[in-house]
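User: I'm new to this structure and would like a close look at a single part of it. Could you pick one spot, go through it slowly, and then show me what else is around in the fold?

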Amino acid sequence: MSLETDLLDLAVDIACEAGELARRRRSEGVAIAATKSALADIVTEADREVEALIRSRLSAERPGDGFLGEESGSAGEGADVTWVVDPIDGTVNYAYGIPAYAVSIAAVSGVPDPSTWTALAGVVHAPALGELFTAARGDGARLGPQTLRLTDEIGAAGALLATGFGYDPATHAGDLARLAKVMPIARDIRRIGAASLDISYVAAGRLDGYYERGLNPWDHAAAGLVVTEAGGRVGGIGGRSVSRDMIIAAPPSLYAAIERAIAG
Ligand code: IPD
């Protein structure tokens, strides 16, 4: 056992309990609690309740750790380990009854900023799909019990790519212009609506690659480790690390092709 695998075991245990709560609340009906950055950016009562459950279990089991969550903000600045949490990624899917939503929990060391952190453990759990993606640093990536290992080949038909669009209507023109630049290397595009699943699907070979502008740290912290532990590359453009400006997740040669297309 290592620190990383201990953290992963705890994250999996909590993600399963949180996923069960999210699934139960969904079957009881969803209440929109508020809108956030834009009218389309919603938070449900379940997002808040699931994050509260995750946060209280983490603080009971690891009281010295920091926390950064989508719904309840940050605490414990300066801690060695910080938990980066999206209680329900794919909230709009959740609200509409589309099963592509996930609980995402990562443990990182250092300041919880994607440009400097070291991801230690991550779990992405899609309770309505019964799937669990996991990774611990240095210990590989898994879908359930199955080890994930990427190959670096793109078929002649082009890459199956996924992306997403920001909630702010002012960003849509830029997102669509970028999509037009990427289309020549794509065999087709998917917009699944949950970035943590898009990124995990790259690790599982269900998608060849993924890119998006505007993601927050909790959207990609856990899934990014799943991809790198599966042998893929996760970063920004021009040698920069992931930021709200851009995230690309893909096997190395496709990563470079997506980067060229976006920059072109
Ligand atoms: C969103 C989803 C979506 C992505 C957005 C995210 P949320 O997260 O991951 O796929 O396109 O950028 O904000 O709001 O459902 O937790």
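Analyst: Let's start with Tyr 167, keeping in mind that this is a predicted model. Is Tyr 167 buried or exposed? Neither, quite: its relative accessible area is 36%, and buried would mean under 20% while exposed would mean over 50%, so Tyr 167 counts as partly exposed. You'll find Tyr 167 in the loop that links strand 11 (159-162) to helix 4 (172-182). Tyr 167 also has company at the surface: together with Val 92, Tyr 96 and Ile 98, Tyr 167 makes up a nonpolar patch of about 410 Å².

Now for the sheet. Eight strands form an open sheet with mixed pairing, in the order 4-3-5-6-7-8-9-10. Strand 4 (73-75) and strand 10 (146-148) are the edges; each has a single partner strand, so one side of each has no neighbour in the sheet. On average, neighbouring strands here are turned by 15° against each other, ignoring direction.

Further in, strand 6 (residues 102-109) and strand 7 (residues 118-126) run antiparallel and are joined by 7 bridges. One pair to look for is Val 108 with its bridge partner Ala 119 in strand 7.

Two helices go with this sheet. Helix 1 (residues 3-28) packs on it, touching strand 5 (81-89), strand 6, strand 7 and strand 8 (131-136), and its direction makes about 25° with that of strand 7. Helix 2 (residues 45-61) lies across strand 3 (66-69), strand 4, strand 5 and strand 6, and runs at about 155° to strand 5.

Note on methods:
Residues are numbered from 1 along each chain as its sequence is written. This is a predicted model: local features need pLDDT of at least 70, side-chain atom pairs count only at pLDDT 80 or more; totals for chains, interfaces and linings use all residues. Side-chain values use heavy atoms; hydrogens and water are left out. Two strands pair if DSSP finds at least two bridges between them. Helices (H or I, at least four residues) and strands (E, at least two) are DSSP runs, numbered from the N terminus. Axes are lines fitted to C-alpha atoms, for helices over the stretch in contact, and angles run from 0 to 180 degrees between N-to-C directions. Contact means heavy atoms within 4.5 Å. Patches are made of residues with over 30% relative accessible area and no salt bridge: like charges are joined within 9 Å, nonpolar side chains (Val, Leu, Ile, Met, Phe, Trp, Tyr) within 5 Å. Accessible areas come from the Shrake-Rupley method with a 1.4 Å probe; for residues, only the protein chains shown count as cover. A salt bridge is a side-chain nitrogen of Lys or Arg within 4 Å of a carboxyl oxygen of Asp or Glu. Buried means under 20% relative accessible area, exposed over 50%, partly exposed in between (1.4 Å probe, protein chains only).
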